[in-house]
Amino acid sequence: MNNSAPIVQRAQKRERDKFLPGTVVSFTTLSHPPARFGPRPRMVGLVELQNGRRVLAPLVMDAPYIGQTVRPRMRLSHVTHEGLRVYEVAYDEAPQVAVTEAFSRYLLAFTGPSGVGKSTITKMLAHACSDYVAKVPILTTRAPKPGDDGEYLYTTSAEFDRLKKTGKIVAMTDISFSSEDWRYGYRAADIEEIWSASKIPVVVTEMELLQGLAHHYGRRAVLSFGLLPPGKSKRARLSQLLHRLRSRGRESEAHIRDRLKNAERDLAFFGERKDLFDHMVVNEDLSALVASLKEKVPGLSGA
Amino acid sequence: MQQDIFLVGSGLTRFGEWWDKSLRDLMREAIEAALESSGLQAQDVDLIIVANMLAEVTNNQAHMAALASSLLPHHPPALRVEAACGSGALAVNTACAFLESGRAKTVLVVGVEKMTDASADAISQALMGAADSELDAPSGLTFPGIFGLIAKRYMYEFGLTREQLSIVSSVHHKHATENAFAQFRYELSPEAVSASPLVSDPLRLFDCSPISDGAAACVLSTVHRSGMRLAASQIASDTLSITQRPTIVSFPATRAAMELALCEADITRKDIHALETHDCFSIAAVINMEDLGFAKEGEGIRIYEDLHAGHAPMFVNMGGGLKACGHPVAATGIKQLIDVSKSLTRGRARYGLAHNFGGAGATCGIHVLENTHV
């Protein structure tokens, strides 16, 4: 079986598209699955996702049944001969969500330099704990770009200013790249809506937005994670980021250079404003990191 | 059909595990037998169509058409076709296109597979090439797995029981006892099928066709005649992945090819007295009966219950089907056509039908053979 890096990379992208709850159409247990999955029997289900698409994926519950509602989990599938770690979406039974009466209103914030994996981690967390958390969309004045994955709401500069003046934007920042200057922010209404559904809003931020949120809602209302790329030295970390930004293939070299400069500032910011972070975590192994995040967030450890 | 095409010769190797025979040996054996039975000279062959799926993976051999051509003294032009387990029917269909157009007058069609040289895991992975490598294979699914999903869903929707399903393989094994070319020439009780090891829940070992070596060849001609005329040759396709289908308990390609074939042959289902159907897994045989229109939805098993009780509504998989005769992937579709001709001759029946599909019914080929002596 050809498991070259580009094939694995494309497969990983497709796996992320499976990250939706669904219903079991059928399932089977393979007594002798392909060798790469080890000798244990493997249960595979045909699952119809909420968006109507059907997918094949392992099921991890003990006694599935046709018609059962399931939810996705990302997990390590296997490591290829070349050492590539291959992740897969598996489906588990959906829990009965108990809504607690005294729901404390707080935000979950992820801050880190471009390329550290904020979006991926947030997406994985949002999917893995979709009954408990929801992503807050980012309002931006920049135009849509290939590679955007539903995380942005696009608006005009005039509309952005109007919302800001009327207090409907709780945190904002200007980000300049070369000759471009764009504004990004969070709308109060989006955060309130998530709270009213008894879920925890998750934001992917950078330093100014984080400070804005802490200022608006109070520092205690933000459970804040700083995300670091793997590596012991600043040089090693920046090198990791450069590699990730290039392998995303979404931006020009000039943009990547700008992002790297900003990243250097972000890494320095972690040291300067330790007070803004509750936990500093290293993004080395995605599934392990998501598991550890769930342990650190009140109410998510059982999700 | 645009021209009258006759099946003038056929040849088979015994299907099974042939450690001492290579891909070339198997192909040569079937070709020589086909030419001998046709009474033609090798030089009468204008064109060779080769059906093969796995030679690159199992035998390090691509360029199968040239290999086949090198077996004939005049090295006629040759080409290879591939549609996984449906390669055989596709090869016959391709031959028909050449014959009908007049580009060839006598075509040798040969299907061959040499599967037992590879390990079980390697062959299982190679066969998954018949499914969608992006949508199906990454989940770890194998072909028994795909049909396990289908069987589980079918049982859920129609209430088919384990005991009922076990009848299918039992019937095929009984038929194979009289087939000298079959891989397994012994009877198998439904109880033995139910007690065999689980492969992919709810399918058990004896629900699955085996890994086989073998070759099948036939000679089709518009200028040389015989009592067996091809009355229809049709293929149809469906999505490669089962994830892209609204249902997994029916194969639309079979339904489409069947309607086209009946129309082309200008007959109805009642005219069919011999059927070779693609029982790669026992559940497929049940579903095929429904898709071919011989049973209502959810009632395909009834035909096998009748066959088991000795009330045969028609000849079905008289050579033992894929389960008991063996399933050297690309040879199967051609073997089916040969077995239909045998059933028509023995049973003095007029029309017979060979139904062959690839993957989980992503390609389906149907051929109708007419015994003109009846």
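Student: In this predicted model, why is B:Ala84 called buried?

Tutor: Count the neighbours: B:Ala84 has 22 other C-beta atoms within 10 Å. The cut-off for buried is 20 or more, so B:Ala84 counts as buried.

Student: What makes the phi of B:Ala84 worth a look?

Tutor: Phi of B:Ala84 is near 55 degrees, a positive value in a residue other than glycine. Most residues other than glycine have a negative phi. As for its place, B:Ala84 sits in the loop between β3 (78–81) and α4 (87–101) of chain B.

Student: And B:Arg348, is that buried or exposed?

Tutor: B:Arg348 has 10 C-beta neighbours inside 10 Å. Exposed means 12 or fewer, so B:Arg348 counts as exposed. B:Arg348 also has a positive phi, about 50 degrees, although it is not a glycine. You'll find B:Arg348 in the loop between α13 (332–347) and β11 (351–358) of chain B.

Student: How do you know that the peptide bond joining B:Asp201 and B:Pro202 is cis?

Tutor: Check omega: for that bond, omega is about 5 degrees, and the bond is cis. Most peptide bonds are trans. B:Pro202 lies in the loop between β5 (198–200) and β6 (203–204) of chain B.

Student: Over to chain A, with its eight helices and 14 strands. Why is chain A called as compact as a globular protein of that length?

Tutor: Set the radius of gyration against the globule rule: chain A has 20 Å, and the rule gives 19 Å for 303 residues. Those values are close, so chain A is as compact as a globular protein of that length.

Technical notes. Residues are numbered from 1 along each chain as its sequence is written. Chains are lettered from A and ligands numbered from 1 in the order in which they are written. This is a predicted model: local features need pLDDT of at least 70, side-chain atom pairs count only at pLDDT 80 or more; totals for chains, interfaces and linings use all residues. Helices (H or I, at least four residues) and strands (E, at least two) are DSSP runs, numbered from the N terminus. The radius of gyration is taken over C-alpha atoms; the globule rule is 2.2 Å times the number of residues to the power 0.38.
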